[in-house]
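Colleague: I would like a close look at one part of this model, the nonpolar interior and what surrounds it. Please take me through it in one go.

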Amino acid sequence: YDVALLMPRPRDAAERLLGIALRFTLAIAAIALMTSLIAGDRIAIALDAPTPRGWILLVAPALLLTGVGIALSGMASRLRRFAVIARARFAQSTVAVVLNLSLGALGAGPIGLLIAYLAGMLASASMLAHRQPGAIATVLRWDLRSTTLMRRYRSYPLVNASSGLLHGVT
C-alpha cells in the first residue's frame, strides 16, 4: 500500500493507507518470525548456511524495518519531504558502514554484516518516523473508511508485490 499513498487527494486517506501499509508490514514480519522459529534450522540447512538458525531470526526484524522505512518514505514523498528521505538514507548508510567496519574489526563475521544492516535500517526508519508529520491517531485508526480504502487500492500492492517480495527475500 506504500505505492498507493500518492493517490488519494485527502491527507486523511493517505494517513489511513499508511496505517494499512504498516499493519501489513507487521503481519508479514510476524509470519516471518513464526516461520523462522518453527522451521529456521531446516531453512538454514536447505540454504547451506554456515550458522543455522541464528541469522535467520534476523529476517523478521529486517522485513519489519524495511517495510516501515518504505512506507514512511512513501508518505514523505507524498508530502514532498525529499530532504528528510535523503537524510534518512544518509543515516542508514553511515550507521551501516560504521558498524560494518567496527564489527568487522572485532571479528563479528557475517552476523556483524546483518546486525549493521539492521542498525542502518533502524536509524533510517526512526528518522523517518520522527520527521513524519500527521496524526498518529489517524494512522492507527481502523474503521469502515479504512476498509473501503484498502479495497479501493488493493491492486497497488499486487502490482508491487513481485519486486517487493524479491527485495524482501534479498
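What percentage of the 170 residues in the chain do buried residues make up?

Modeller: This is a predicted model, and in it 33% of the 170 residues are buried. The chain has seven helices and zero strands, so its pattern along the sequence is read, under the DSSP assignment, as α-α-α-α-α-α-α. Of the contacts with a separation of 6 or more, 76% join residues 24 or more positions apart.

Now to the interior itself. The largest nonpolar core has 19 residues. Within this core, the residues with the most contacts are Tyr1, Leu17, Leu18, Leu128, Leu149 and Tyr153. Three helices, α1, α2 (59–78) and α3 (82–105), each supply at least two residues of the core. Helix α1 gives the largest share, six residues. In soluble globular proteins, nonpolar side chains tend to be buried together.

Leu17 serves as a vantage point within this core. Once its neighbours within four places in sequence are left aside, Leu17 is in contact with Tyr1, Ala4, Leu5, Pro8, Leu149 and Tyr153. Among these partners, Tyr1, Leu149 and Tyr153 are also listed with the residues that have the most contacts inside the core. Apart from this core lies another one, of five residues. Ala62, Leu118, Met121 and Ala125 are among its members.

The surface completes the picture. Helix α1 spans residues 11–46 and includes Leu37. Together with Leu33, Met34 and Ile38, Leu37 makes a nonpolar surface patch of about 370 Å². Why is Leu37 not counted as buried? Its relative accessible area is 39%, and because buried means under 20%, with exposed set at over 50%, Leu37 is classed as partly exposed. The same 39% is over the 30% required of a patch residue, which is why Leu37 can belong to the patch. For the chain as a whole, about 10,100 Å² is exposed, and carbon and sulfur atoms supply 69% of that area.

One residue outside the helices deserves a look. Arg80 lies in the loop between α2 and α3, two helices that each supply at least two residues to the largest core. Arg80 has a positive phi of about 60° although it is not a glycine. With a relative accessible area of 66%, Arg80 is exposed, because that value is over the 50% cut-off.

How values were computed
Residues are numbered from 1 along each chain as its sequence is written. This is a predicted model: local features need pLDDT of at least 70, side-chain atom pairs count only at pLDDT 80 or more; totals for chains, interfaces and linings use all residues. Side-chain values use heavy atoms; hydrogens and water are left out. Patches are made of residues with over 30% relative accessible area and no salt bridge: like charges are joined within 9 Å, nonpolar side chains (Val, Leu, Ile, Met, Phe, Trp, Tyr) within 5 Å. Accessible areas come from the Shrake-Rupley method with a 1.4 Å probe; for residues, only the protein chains shown count as cover. A salt bridge is a side-chain nitrogen of Lys or Arg within 4 Å of a carboxyl oxygen of Asp or Glu. Helices (H or I, at least four residues) and strands (E, at least two) are DSSP runs, numbered from the N terminus. Buried means under 20% relative accessible area, exposed over 50%, partly exposed in between (1.4 Å probe, protein chains only). A nonpolar core is a set of buried Ala, Val, Leu, Ile, Met, Phe, Trp, Tyr and Cys residues joined through side-chain atoms within 4.5 Å. Contact means heavy atoms within 4.5 Å.
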